[in-house]
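Colleague: I should be grateful for a close look at a single part of this protein, with enough of its surroundings to place that part in context. Please set it out as one connected account.

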Amino acid sequence: MPQPVPRIAVVVVAGGSGTRLGEDLPKAFVGIDEHTMLRHALDGVFRSALDAQVVVVAPVDRTGEALTEALAAAGDARERVSVVAGGDTRQKSVAAGLAALWGDIEIVLVHDAARALTPPEVFTRIVEAVERTGWGAVPVLPVVDTIKRVDGDEIIGVVDRSELGAAQTPQGFRRDVLSAAYAVAGAEFTDDAALVAAAGHRIAAVAGDALGFKITHPADLERARALLMPAAEHPVRLQQPAPAPRVGVGTDVHAFAGDGELWLAGLRWPDEPALSGHSDGDAVAHAVVDAVLAAAGLGDIGTHFGVDRPEYANAHAGAFFARTRALVGEAGWVIGNVSVQVQTTRPRFAARRREAEAVLSEALGAPVSVSATTTDGLGFEGRGEGVFAVAVAMLLPAQ
Ligand SMILES: Nc1ccn([C@@H]2O[C@H](COP(=O)(O)OP(=O)(O)OP(=O)(O)O)[C@@H](O)[C@H]2O)c(=O)n1
Ligand SMILES: C[C@](O)(CO)[C@H](O)COP(=O)(O)O
């Protein structure tokens, strides 16, 4: 037979003045972003889908404001919400909240409005622990700092932090246990678990959440504001990383089987055999184009300068480079530099290498370095049948 679902209540204490925060209004009513701490805390409660009664404890002169906040957070669950006036200590405020519980409530969670960013899962973890153990339950975080015993200006010892936990809220209890413990509490306790433990009950430790930090000092408020700030407005931490440079490689081969003059590396070479091709057969220029397009992810020379483009018949490097530059610019890149090597027995590049670099760099709008080598007589290059060129291009993201 299915077990009946226990009736749950959450008491949200928002009755403090916030002396340590130093704002000129009670702490829970201070804005983190366009919403107050109280509103954020209540949003966490309602997002937890506990179907709980929710009692907000507010400063006596702020109950109207608190009700407005609670109704806005509750949405369709308005009938489950109420507001009561708190006391001059947290403990008295919790007691005021307990007095407003419906008669059939079985499990009570007490939560600080000051822990405004506590995620909804923490509420469900606490309820689950109370149901499973029958004990009280407290979210705790491990203590990360080394903890010293201090006497005045002297360190007199160290505390074993492995047995310490930093307590958060919501803290959960069986309603009968919590109410009875509050009825007999003879002292002020800083949290509800301490009060219940003093009455002889066991308390379970449940995983807390770093977002459940208490907004106590101005630095805590700054932290909460930074966490809620849209990424685009954040000064440093959440900026998108700058896009990385990209490289591409390109190659080309043409045979010495053309009519007319040789064009290679953007230069005209009189008295040398021509290379064949749809354009001028300039394998050096074409390898550069392939490398730049590859780096931008824009395909290759055939994609943009195919034999179906009559305007590039017999065209020279300048025409290819102008179009390539425009294509990568439209794609959001600028050309960083290109290195190209030609492998051929002829023409001899040494005397005109600088000239080739100047012409190609001018046409591409970026430094192009040119090197040339032979293949020790091997292959088609060695037999003087054609040229091979290989290029590497680096592109940078446009600003
Ligand atoms: N008389 C009080 C004191 C505290 N609280 C609530 O208990 C939680 C934890 O208290 P703390 O953060 O210490 O708040 P303040 O007492 O307001 O802060 P301070 O000690 O700096 O004045 C807060 O949500 C606070 O609103 C309360 O309801 N009634
Ligand atoms: C209840 C509490 O938030 C648990 O951590 C805390 O003890 C109350 O605040 P204070 O800073 O100790 O007054």
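Modeller: What follows begins with helix 1 and its residue R39, and then turns to other parts of the protein. The model is a predicted one.

Helix 1 comprises residues 37-47, and R39 lies within this helix. Of the 11 residues of helix 1, 10 are buried, so the helix is largely enclosed by the rest of the structure. The buried residues are M37, L38, R39, H40, A41, L42, D43, G44, V45 and F46. For R39 the relative accessible area is 15%, and this residue counts as buried because the cut-off is under 20%. When residues up to four places away in sequence are set aside, R39 touches E69, A72 and A73. Just after helix 1 comes A49, which takes a positive phi of about 55°.

As a setting for helix 1, the protein as a whole has 399 residues, of which 44% count as buried. Its secondary structure consists of 12 helices and 16 strands. Among contacts between residues at least 6 apart in sequence, 72% join residues at least 24 apart.

Helix 3 offers a second case of burial. In this helix, which spans residues 90-98, the buried residues are Q91, S93, V94, G97 and L98. Viewed down the axis of helix 3, these buried residues fall within an arc of 160°, so they line one face of the helix. Their packing partners include four strands, namely strand 1 (8-13), strand 2 (53-58), strand 3 (81-85) and strand 4 (107-112). Helix 5 (175-184) and helix 6 (192-198) also pack against the buried residues of helix 3.

The largest pocket has a volume of about 730 Å³. It is lined by 31 residues, and the closest to its centre are R20, K27, R90, D112 and K214. By class, the lining of the largest pocket divides into nine nonpolar, 13 polar and nine charged residues.

A helix pair completes the account. Helix 10 (residues 317-330) packs with helix 11 (residues 353-364) at an angle of about 35°, and their axes are 8 Å apart. Helix 10 contributes A317, G318, F321 and R325 to the contact, while helix 11 contributes L360, E362, A363 and L364. The residues of this contact comprise five nonpolar, one polar and two charged.

To return to the part examined at the outset, R39 is a buried residue of a helix that is itself largely enclosed by the rest of the structure.

Notes:
Residues numbered from 1 in each chain as written. Chains lettered and ligands numbered in written order. Predicted model: local features only at pLDDT ≥ 70, side-chain atom pairs only at ≥ 80, totals over all residues. Heavy atoms only, no water. Buried < 20%, exposed > 50% of the residue type's maximum accessible area, 1.4 Å probe, protein only. Helix = DSSP H or I, 4+ residues; strand = E, 2+ residues; numbered from the N terminus. Arc of directions from axis to C-beta. Contact = heavy atoms within 4.5 Å. 1 Å grid on protein atoms, 1.4 Å probe; cavity = no way out; pocket = protein on both sides within 12 Å on 5 of 7 lines; lining within 4 Å. Points joined across faces, edges and corners; volume = space filled by probe spheres on them. Nonpolar A, V, L, I, M, F, W, Y, C, P; charged D, E, K, R; others polar. Axes fitted to C-alpha atoms, helices over the stretch in contact; angles between N-to-C directions.
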